[in-house]
Amino acid sequence: MYPIADSNSVIYIYMTNHFIGIGKYIPTEKISNLFFEEHQFFNEQGEILDQNNATISHKLKQITGIEERRYARKDQVTSDLGYMAAASAITNANIDAETIDYIIFAHNFGDVKHDTIQSDMVPSLAARVKNLLKIQNPYCVAYDVIFGCPGWVEGVIQANAFIKAGLAKRCLVIGAETLSRVVDEHDRDTMIYADGAGAAILEASTNNKGIQAHLSASYANEEKDYLFFGKSYNSEKCPNTKYIKMYGRKIYEFALSRVPLAMKKCVDDSTYNIDDISKIVIHQANEKMDEAIVKRFYSLYDQDVPKNIMPMNIHKLGNSSVATIPILLKMIMDNDLENHQINEGDVVLFASVGAGMNINTFIYQF
């Protein structure tokens, strides 16, 4: 809400902010599960896994749904992918890039060049995208968000706050990652991760469409170590080189206990009810986990999960962290997913969970 004052009183007007352009960049390098057939996988204790790689791949597909993922080309880094998605969103919005007040870039590992181990985050990736977009306006503020997989959603929530506070009229929010550059080739979890980028442009709505309610939370006691940077499972590799690591079972249990409650609180704090929800756009982390989250969410209302409520693309694109939700949204808007459309007036619930451990969610009316 924001106040409009006249000589006699102050009247409060409810304002929402909506997407005017959405873009994505899906890398061209397709990596099937067969790519990992020659990998040698170890457990946390540095012992070679008993199962052969074909069995590991089969179980991975059963649990996560992943049969293919995308990797960036060798000459690309995260900011390149973010730029492509941002340019796509600007074209989709049909706006002048010089009118953007904020560029918010969500990622977690910066630019990591192929065959290197060093993360490059100075200057910010947002500044690099601003440069690539050739934006001259010095008052277009560019900064990065490090918030785990929920980073893009958090960027949208921040942009929404900037606009409502009168600090901006138009914001570009990017989510991009090249997780293929920070994985341990001897850890079977490597097969989950992927590269990609998505972006959206947010501005004030004149018809109350857009973001209706939102919620964010951080759990940073023992949960902070569920996702971390650790040494390779192959003890012969340099112990000072770190890779993305996770305690999958703990993350699964955390997500299942916490995310549905956050989603419910967001719905209950809004003007909508559970029956108004047309789609749930959730971070593409793990097919079985996402299905369990949504099932638990509906069980909180003593309801069964409606048919076609949760679109997914993890089967072909893997888990690209901050990029999964904007890529998925763009694919739905472009009618690229069978049996999944978003129509005018639809109410969509967005939700994500990831390193921190962080959770966020928002309700959006199209």
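**A mixed sheet, a helix pair and a stacked ring pair**

Student: In what order do the four strands of the open sheet stand?
Tutor: The pairing in this sheet is mixed, where two strands pair if DSSP finds at least two bridges between them. Strands (E, at least two residues) and helices (H or I, at least four) are DSSP runs, numbered from the N terminus. The order of the four strands is E10-E15-E14-E13.

Student: At which pLDDT do side-chain atom pairs count in this predicted model?
Tutor: Residues are numbered from 1 along each chain as its sequence is written, and side-chain values use heavy atoms, with hydrogens and water left out. The model is predicted, so that local features need pLDDT of at least 70, totals for chains, interfaces and linings use all residues, and side-chain atom pairs count only at pLDDT 80 or more.

Student: Which strands stand at the edges of the sheet E10-E15-E14-E13?
Tutor: A strand at an edge has a single partner strand, so one of its sides is left without a neighbour in the sheet. This holds for strands E10 (210–218) and E13 (277–282).

Student: Over how many bridges do E14 and E15 pair?
Tutor: Within this pairing Leu349 stands opposite Ile363 in E15, and the loop between E14 and E15 holds Met357, which a cis peptide bond with omega of about -10° joins to Gly356. Strand E14 (residues 347–354) and strand E15 (residues 358–365) run in the antiparallel sense, and the number of bridges is eight.

Student: How are H2 and H3 oriented to each other?
Tutor: Axes are lines fitted to C-alpha atoms, for helices over the stretch in contact (heavy atoms within 4.5 Å), and angles run from 0 to 180 degrees between N-to-C directions. Helix H2 (residues 78–93) and helix H3 (residues 125–132) have axes 9 Å apart at an angle of about 55°. Angles under 35 degrees count as roughly parallel, over 145 as roughly antiparallel, 65 to 115 as roughly perpendicular and the rest as oblique. H2 and H3 are therefore oblique.

Student: Into which class does the ring pair of Phe109 and Phe229 fall?
Tutor: Rings of Phe, Tyr and Trp (its six-membered ring) pair if their centres lie within 6.5 Å, and planes under 30 degrees apart count as stacked, over 60 as edge-to-face and the rest as tilted; the count by this rule is 16 aromatic pairs. In this one the centres are 5.3 Å apart and the planes at 20°, so the pair is stacked.

Student: How many residues separate Phe109 from Phe229?
Tutor: Phe109 belongs to the loop between strand E6 (102–106) and H3, a loop that also holds Pro123, whose peptide bond from Val122 is cis. Phe229 lies in strand E11 (residues 227–231), so that the pair links distant parts of the chain, with a separation of 120 residues.
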